[in-house]
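This report introduces a single protein chain to a reader who has not met it before. It takes up how some of its helices pack, then a pocket, and then a few local features of the backbone.

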Amino acid sequence: MQKQVMYRDAICQALDEEMARDDRVFMIGEDVGLIGGNFKTSVGLLEKYGDLRMKDSPISEAGIVGLGVGAAIVGLRPVVELMFGDFIMVAMDQIANQAAKISYMSGGQNHVPMVIRTPLGGGRSSAAQHSQSLHAWVAHIPGLKVVLPSTGGEAKGLLKTAIRDENPVVFFEHKMLYTVKFDDVADASEDLCIPFGKARMVSEGADITVVTTSIMTVKTEKVVRELQKDGISVDHIDLRTIVPMDTDAIIKSVAKTGKLLVVDEGHISFGISGEIMARVMPEVFYELEAPMQRLGTADAPLPFSPALELPMIPDEKTIAAKIREMV
C-alpha cells in the first residue's frame with residue numbers, strides 16, 4: 001500500500017493504469033486533458049496518452065455522454081467526466097433512456113461498458129446548482145450501477161472495477177475528499193479491483209449499526225473513535241456501492257445490534273436512507289430495540305453562504321449526538 005496519497009491522485013492512478021492496460025479505454029470531458037481536470041484528477045494523462053484518448057470536450061453534457069454511449073456500443077471503454085454531479089440532469093435522457101436501457105432493449109446483444117465520473121456534495125460554498133448529492137436519482141434507474149467511494153483506496157479499486165464492468169456505471173466522487181490524503185491506496189503492481197455489492201466493515205461493535213456512504217463514512221469513522229472512549233461500540237458499514245447494495249451485511253449487523261442509523265448526504269426525503277430501511281425492516285423487525293433513524297441534508301437547496309450551508313449537512317457533531325441519543 002502507498003502512504004499519504006490524495007483521493008484525486010488515487011483516481012488518476014486508476015485511470016492511468018487502466019489506460020495502460022487496455023487501449024480501448026479513453027476519457028472525455030470538459031478540461032480533462034489540457035489542465036488535467038477541474039479537480040486535477042487526470043493530470044499528466046494527456047501528455048502520456050495523447051489527444052485521441054484524453055479528449056477535451058465542449059460544454060455539452062448530453063453530447064459527451066451520448067458520444068460515450070455510442071463509443072461503448074462499438075467496443076470502446078469510455079470514461080466520461082461531468083464537471084459537477086448537478087449536471088447529470090442535463091444528460092439524463094442519454095443516461096436513463098440510452099445507457100441504462102440498451103442492453104435490455106437489445107436482448108443482451110449490445111452492451112454499454114462506460115463510466116460516468118462526477119463530483120457530488122456540499123461544503124465548498126458552490127451554491128445550490130453545484131452542491132447537490134443526486135446519487136438517489138440514478139440509483140432509481142434499472143440498468144445503472146452506482147458507486148460512492150469514501151477513501152483514496154476505495155476510489156482507486158472501485159474505479160478500476162467500474163472501467164472493466166460490462167455495464168454503465170455512475171461513479172460519484174465527493175469534492176471535499178479530493179485533497180484528503182489516505183494510506184489505503186494500492187500499488188500498481190497489486191492491480192486491486194474492489195468488487196461491487198460488497199460493503200466494507202469500517203469497525204465492529206455491539207451497540208448500534210451505522211451505515212454510511214461517501215464522505216459520511218470519513219466523518220463517522222472519526223466519531224466512532226471518539227465514542228469508543230466513552231464505551232460506545234459501533235458496527236460501522238461503508239456501503240461503497242448503492243447499486244448493487246450489500247443488504248445482507250446490514251441485516252446481519254442490525255440483527256446483532258438492534259439499532260440502525262443511516263447517514264447519507266443526500267436530502268433526507270425520498271433518498272437512499274429510506275430505501276435501506278425498507279429493505280432491512282422485514283428481516284430485523286423483531287430484533288429492533290429502537291426505531292431506525294437517518295441523517296441527511298435538509299430538504300432545501302444548499303445556500304452559498306457557509307454559515308447557512310454547513311448546518312444543513314450532517315457533520316461529526318450531529319452524527320455523534322444522534323448515536324448517543326439512540327444508544
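## Helix packing, a pocket and local features

The crossing of α1 and α7 is right-handed, and this statement, like the others here, refers to a predicted model. Helix α1 covers residues 7-21 and helix α7 covers residues 152-164, and the two pack at an angle of about 30° with their axes 8 Å apart. Because angles under 35 degrees count as roughly parallel, α1 is roughly parallel to α7. From α1 the contact takes in Y7, A10, I11, Q13, A14, L15, E17, E18 and R21, and these meet G152, A155, K156, L159, K160, I163 and R164 of α7. Sorted by class, the residues of this contact comprise eight nonpolar, two polar and six charged.

Two further helix pairs can be described in the same terms, and the table sets out the packing values for each pair.

| Helix pair | Angle between axes | Distance between axes |
|---|---|---|
| α1 and α7 | about 30° | 8 Å |
| α8 and α12 | about 55° | 9 Å |
| α9 and α10 | about 50° | 10 Å |

Helix α8 (residues 215-228) and helix α12 (residues 316-326) pack at about 55°, and they are therefore oblique to each other. Here α8 passes α12 in a right-handed crossing. On the side of α8 the contact is made by M216, K219, T220, K222, V223 and L227, while α12 contributes E316, I319, A320, I323 and R324. The residues of this contact divide into six nonpolar, one polar and four charged.

In the third pair, α9 packs against helix α10 (residues 272-284) at an angle of about 50°, which makes α9 oblique to α10. The crossing of α9 and α10 is also right-handed. In this contact T247, I250, I251, V254 and A255 of α9 meet I276, R279, V280, E283 and V284 of α10, and by class there are seven nonpolar residues, one polar residue and two charged residues.

Helix α9, which spans residues 247-257, also takes part in the largest pocket, where its five residues are the largest share of the lining. The space in this pocket comes to about 210 Å³. Its lining is formed by K198, A199, M201, E204, D235, D246, D248, A249, K252, S253 and K256, a set that divides into three nonpolar, one polar and seven charged residues.

Which peptide bond is cis, with omega near 0°? The bond in question runs from V243 to P244, and P244 is placed in the loop between β12 (241-243) and α9. A second backbone feature concerns D191, a residue other than glycine whose phi is positive, near 45°. D191 belongs to the loop between β8 (181-182) and β9 (200-203). As background to both features, most residues other than glycine have a negative phi, and most peptide bonds are trans.

Finally, M6 brings together parts of the chain that are separated in sequence. M6 is located in strand β1, which consists of residues 5-6. Although M6 and F182 are 176 residues apart in sequence, their C-alpha atoms are 6.2 Å apart in space. When its neighbours within four places in sequence are left aside, M6 is in contact with Y178, T179, V180 and K181.

Terms used: Residues are numbered from 1 along each chain as its sequence is written. This is a predicted model: local features need pLDDT of at least 70, side-chain atom pairs count only at pLDDT 80 or more; totals for chains, interfaces and linings use all residues. Side-chain values use heavy atoms; hydrogens and water are left out. On a 1 Å grid over the protein atoms alone, a cavity is a set of points where a 1.4 Å probe fits but cannot get out, and a pocket is an open set with protein on both sides within 12 Å along at least five of seven lines; lining residues have an atom within 4 Å of a point. Grid points are joined across faces, edges and corners, and a volume is the space filled by probe spheres set on the points. Helices (H or I, at least four residues) and strands (E, at least two) are DSSP runs, numbered from the N terminus. Ala, Val, Leu, Ile, Met, Phe, Trp, Tyr, Cys and Pro count as nonpolar, Asp, Glu, Lys and Arg as charged, and the others, Gly among them, as polar. Axes are lines fitted to C-alpha atoms, for helices over the stretch in contact, and angles run from 0 to 180 degrees between N-to-C directions. Angles under 35 degrees count as roughly parallel, over 145 as roughly antiparallel, 65 to 115 as roughly perpendicular and the rest as oblique. A crossing is left-handed if the near helix is turned anticlockwise from the far one by less than a right angle, and right-handed if clockwise. Contact means heavy atoms within 4.5 Å.
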